Amino acid sequence: MSTTPLIPGAAKDSVPAQRSRGTAKSTGAPAGSSGSEGRVLNVFSHGFLVLWAVMIVLPLIWLLLGSFKTDSEIGASAWSMPTNWNLDAFERAWNKGHVGSYFLNTVIVLVFSVPLTMLLGAMGAYVLARYEFVGNRIIYYFFVAGAMFPVYLGLIPLYFLIKMLGMLNTYQGLILVYVAYSLPFTIFFMHAFFRTLPTAIHEAAVIDGASHTRIFFQVMMPMAKPGLISVGIFNLLGQWNQYILPMTLMQQQSGFDPDRSMLTQGLVLLNQQQGYAGDLPVVFAGVTIAILPVVVVYLVFQRQVQSGLTAGTLK
């Protein structure tokens, strides 16, 4: 019986060689193919993002340039530079076009609707995510179904309900509708975020004798700050750009009430009025005024939005 001695160096060298040969035979592809595919995919994705950015930025630049032009300059060339860079169109839109009043009405509504949406949505999501009780999943799926329900299907009963409550053409009626409209998405988003938070801190607060209210406001809310900021900005943008709800609820029997119209309604009225008057720069300036706060809010809270969206997957 003969034995073959084991040579350590040969064994170490032969195993990787065999594995490399086996891998090369099994894959049948050159070693640099995966790297080239990754570079192609990277170029394609970056090219798509650049194209998407151009599609978004060009209309904004066109609007901004049109706000400083005259009617003849707008009709002559869409991308030519204005001859006079002045704010006359913005002043006419703000004062004569009543954009200032529409802007103030929208701010008044959102000052109450967005915080109320965040408070009720966070409380509901926290209870559904951290406490087990009979009907928990039913209530949760009820809110999820509400997020999938198109608002257009409920406009007629919503109109008669608000009218029956005596809140038609009032700030408080529109605030309540905005809160009810935004709650399903807020609860759906925050429910997933609250479930990612560690339970050890919650249990420690319970052992220390903290009440449920204190645990929520002093322990869980600060931990959920990234998610609250993200969903708060989404609600702010959604309610700021809302048109169908104020068009339905903020009107009298004879039509719109300019004193209570929201910014989106005001832009439609401004377009109708200035379209016949031949003052298109006022329309461009009004749209620019409406877009500017949204852009500023997103640029300021961009990092918070990204961290809030990724926090649930990183924890």
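Which helix gives the most residues to the lining of the largest pocket? The helix is H8, with seven residues. The sections below place this pocket in the rest of the structure, which is a predicted model.

## Overall make-up

The chain has 315 residues, and 36% of them count as buried. Its secondary structure consists of 15 helices and two strands. Among contacts with a sequence separation of 6 or more, 74% are between residues 24 or more positions apart.

The accessible surface of the chain is about 19,200 Å². Carbon and sulfur atoms account for 69% of that surface.

## Largest pocket

The largest pocket holds about 460 Å³ of space. Its lining has 21 residues, and those closest to the centre are Val151, Val177, Ala180, Tyr181 and Ser182. Four helices give two or more residues each to this lining: H6 (136-148), H7, H8 and H11 (225-240).

How do the lining residues of the largest pocket divide into nonpolar, polar and charged? There are 15 nonpolar residues, six polar and no charged.

## Second largest pocket

The second largest pocket has about 370 Å³ of space. It is lined by 13 residues, with Ile56, Leu60, Ile291, Val294 and Val295 the closest to its centre. Helices H2, H13 (263-277) and H14 (280-300) each supply at least two residues of the lining. The largest share comes from H14, which provides six residues.

By type, the lining of the second largest pocket comprises 11 nonpolar residues and two polar, with no charged residue.

## Cavity

The structure holds one cavity of 30 Å³ or more. The volume of the largest cavity is about 30 Å³. Its lining is made up of Trp62, Leu65, Gly66, Lys69, Ile74, Ser77, Ala78 and Phe284.

Helix H2 (residues 33-67) gives the most to the lining of the largest cavity, with three residues. This helix also supplies at least two residues of the lining of the second largest pocket. The cavity lining divides into five nonpolar residues, two polar and one charged.

## Nonpolar core

In soluble globular proteins, nonpolar side chains tend to be buried together. The largest nonpolar core of this model has 64 residues. Which of these residues touch the most other members? They are Val109, Met190, Phe194 and Leu245.

Setting aside residues up to four places away in sequence, Met190 touches Ala125, Ala224, Gly227, Leu228 and Val231.

## Two buried positions in helix H5

Leu110 lies in helix H5 (residues 99-130). Its relative accessible area is 6%, so Leu110 counts as buried, the limit being under 20%. Beyond its neighbours within four places in sequence, Leu110 is in contact with Pro115, Tyr178, Leu236, Gln239 and Trp240. Val179 is 69 residues away from Leu110 along the chain, and their C-alpha atoms are separated by 9.8 Å.

Thr117 is also placed in helix H5. Its relative accessible area is 0%, and Thr117 is therefore buried. With residues up to four places away left out, Thr117 touches Tyr178, Val179, Ser182, Leu183, Thr186, Asn235 and Gln239. Tyr178 and Gln239 thus appear among the contacts of Leu110 and among those of Thr117. Ser182, a contact of Thr117, is one of the residues closest to the centre of the largest pocket.

## Positive phi in two loops

Most residues other than glycine have a negative phi. Two residues with positive values are described here: His98 and Asn169.

His98 has a phi of about 60°. This residue is in the loop between helix H4 (88-95) and H5. Is His98 buried or partly exposed? With a relative accessibility of 41%, His98 counts as partly exposed.

Asn169 has a phi near 65°. The residue sits in the loop between helix H7 (155-164) and helix H8 (171-196). Asn169 counts as buried because its relative accessibility is 11%, with the limit set at under 20%. Both helices that flank this loop give two or more residues to the lining of the largest pocket.

How values were computed: Residues are numbered from 1 along each chain as its sequence is written. This is a predicted model: local features need pLDDT of at least 70, side-chain atom pairs count only at pLDDT 80 or more; totals for chains, interfaces and linings use all residues. Side-chain values use heavy atoms; hydrogens and water are left out. Buried means under 20% relative accessible area, exposed over 50%, partly exposed in between (1.4 Å probe, protein chains only). Contact means heavy atoms within 4.5 Å. Accessible areas come from the Shrake-Rupley method with a 1.4 Å probe; for residues, only the protein chains shown count as cover. A nonpolar core is a set of buried Ala, Val, Leu, Ile, Met, Phe, Trp, Tyr and Cys residues joined through side-chain atoms within 4.5 Å. On a 1 Å grid over the protein atoms alone, a cavity is a set of points where a 1.4 Å probe fits but cannot get out, and a pocket is an open set with protein on both sides within 12 Å along at least five of seven lines; lining residues have an atom within 4 Å of a point. Grid points are joined across faces, edges and corners, and a volume is the space filled by probe spheres set on the points. Ala, Val, Leu, Ile, Met, Phe, Trp, Tyr, Cys and Pro count as nonpolar, Asp, Glu, Lys and Arg as charged, and the others, Gly among them, as polar.
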